[in-house]
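This briefing goes through selected local features of a predicted model. Please keep the sequence and the structure at hand while reading the grouped points below.

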Amino acid sequence: MGYKVFVSYKYADKDVFQNGNNGTVRDYVDYLQEHKFTGDDFNKAEDDHEDLSAFRDETIQSHLKDKIWDSSVTIILISKNMRDPLVSEQDQWIPWEISYSLRTQVRDKKRSNPNALLAIVLPDSANSYEYFLTKWQYVDDNNVTQYVRTIHTDTAFEIIRKNMFNQKNPEIKLIENKNVYFGACSYIPTVKWKDFLEATDKYLDEAVALSQKKEEYWIQKQVHINEIP
């Protein structure tokens, strides 16, 4: 595999399909650690219960920099309740973990480049991905049925939304009054959990390849302050 990975996730989200003893997203993290990565190649975020509202940016950085420093890929586990809409995004860990994954860091004259990012969508408690991924179909000019995947970015953190469908010159076609994107239109590619397990190296390689074309994307690196409704 050859990559050092940092995984960002909502530790206690219970609205996931049963995949272990805890019945939370952490079960999926444990599975990755036990079956897909080894030892020093895998560094996970810790419990996300800590209140960030009293922390300064520098304090958050000191907490995250050692975890993210020597990784080259950040995996974001998308779960149904990963984002708490009643808490400011700046007071939740995941946006900060993504933000620091996207930054260039310098330590002792050594440079750590921004990580590649990959979003892995976990099945919810009903074993469905439709809270984040759905699809529709149309018949093309050759009378062939084509399927289009819809990513429901409106449910995600802003820093995730802004780094999807953010290619500077995307290929877009209007089909049935809908804008359909083709090619590598997002800096953060998205894959279902079951598909990632079947072709882990493939999806990691694709994410790393995208990270080497950063200049082709409008990349948001900052966590913005948002108002709570």
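Phenylalanine 165 is partly exposed, with a relative accessible area of 31%, and this residue is found in the loop between helix H4 (158-161) and E9. Its phi is near 55°, which is a positive value in a residue other than glycine. The points below start with two further residues of positive phi and then take up strand pairing, salt bridges and the largest pocket.

**Backbone angles in loops and turns**

- Asparagine 143, which lies in the loop between E7 and E8, likewise has a positive phi without being glycine, the value being near 65°.
- The side of asparagine 143 open to solvent can be judged from its relative accessibility of 65%, and the residue counts as exposed because the cut-off for that class is over 50%.
- Glutamate 176 sits in the turn of the hairpin formed by E9 and E10, where two residues lie between the strands, and this glutamate has a positive phi of about 50°.

**Strands and their pairing**

- The hairpin strands, E9 (residues 171-175) and E10, run antiparallel and are joined by five bridges, with leucine 174 standing opposite asparagine 179 in E10.
- A parallel arrangement is found in an open sheet of five strands, whose order is E2-E1-E3-E6-E11.
- The edges of this sheet are formed by strand E2 (42-44) and by E11, each of which pairs on one side only, and from one strand to the next the twist averages 25°.
- At the E11 edge, the pairing of E6 with E11 is parallel and extends over three bridges, and valine 121 stands opposite lysine 192 in E11.
- As background to both arrangements, strands of a sheet pair through backbone hydrogen bonds, in either the parallel or the antiparallel sense.

**Salt bridges**

- The structure holds seven salt bridges, and in general side chains of opposite charge can pair when their charged atoms come close.
- Aspartate 124 and lysine 80 meet through their side chains in one of these salt bridges, at 3.7 Å from N to O.
- This pair links distant parts of the chain, 44 residues apart, since aspartate 124 belongs to the loop between strand E6 (116-121) and E7, while lysine 80 belongs to the loop between strand E3 (73-78) and helix H3 (93-101).
- The two partners fall into separate accessibility classes, for aspartate 124 is buried at a relative accessible area of 6%, whereas lysine 80 is partly exposed at 40%.
- Asp15 joins Lys80 and Asp124 in a network of salt bridges.
- Arginine 83 forms a salt bridge with glutamate 89, in which the closest N and O atoms are 3.1 Å apart; arginine 83 is partly exposed, with a relative accessible area of 26%, and glutamate 89 is buried, with a value of 7%.
- Lysine 194 and aspartate 195 also meet in a salt bridge through their side chains, at 3.5 Å from N to O, and here lysine 194 is partly exposed with a relative accessible area of 41%, as is aspartate 195 with 23%.

**The largest pocket**

- The largest pocket holds about 900 Å³ of space, and 35 residues line this pocket, of which Arg149, Thr150, Ile151, Tyr181 and Thr190 lie nearest its centre.
- Two or more lining residues come from each of strand E7 (133-139), strand E8 (145-151), strand E10 (178-182), strand E11 (190-192) and helix H6 (200-211).
- Which element gives the largest share of the lining? That element is E8, which supplies six residues.
- By residue class, the lining of the largest pocket divides into 20 nonpolar, eight polar and seven charged residues.
- Two of the pairing strands described above return here, as E10, which forms the hairpin with E9, and E11, which is an edge strand of the open sheet, are among the elements that give two or more residues to the lining.

Terms used
Residues numbered from 1 in each chain as written. Predicted model: local features only at pLDDT ≥ 70, side-chain atom pairs only at ≥ 80, totals over all residues. Heavy atoms only, no water. 1 Å grid on protein atoms, 1.4 Å probe; cavity = no way out; pocket = protein on both sides within 12 Å on 5 of 7 lines; lining within 4 Å. Points joined across faces, edges and corners; volume = space filled by probe spheres on them. Helix = DSSP H or I, 4+ residues; strand = E, 2+ residues; numbered from the N terminus. Nonpolar A, V, L, I, M, F, W, Y, C, P; charged D, E, K, R; others polar. Salt bridge = Lys/Arg side-chain N within 4 Å of Asp/Glu carboxyl O. Buried < 20%, exposed > 50% of the residue type's maximum accessible area, 1.4 Å probe, protein only. Pairing = 2+ DSSP bridges. Axes fitted to C-alpha atoms, helices over the stretch in contact; angles between N-to-C directions.
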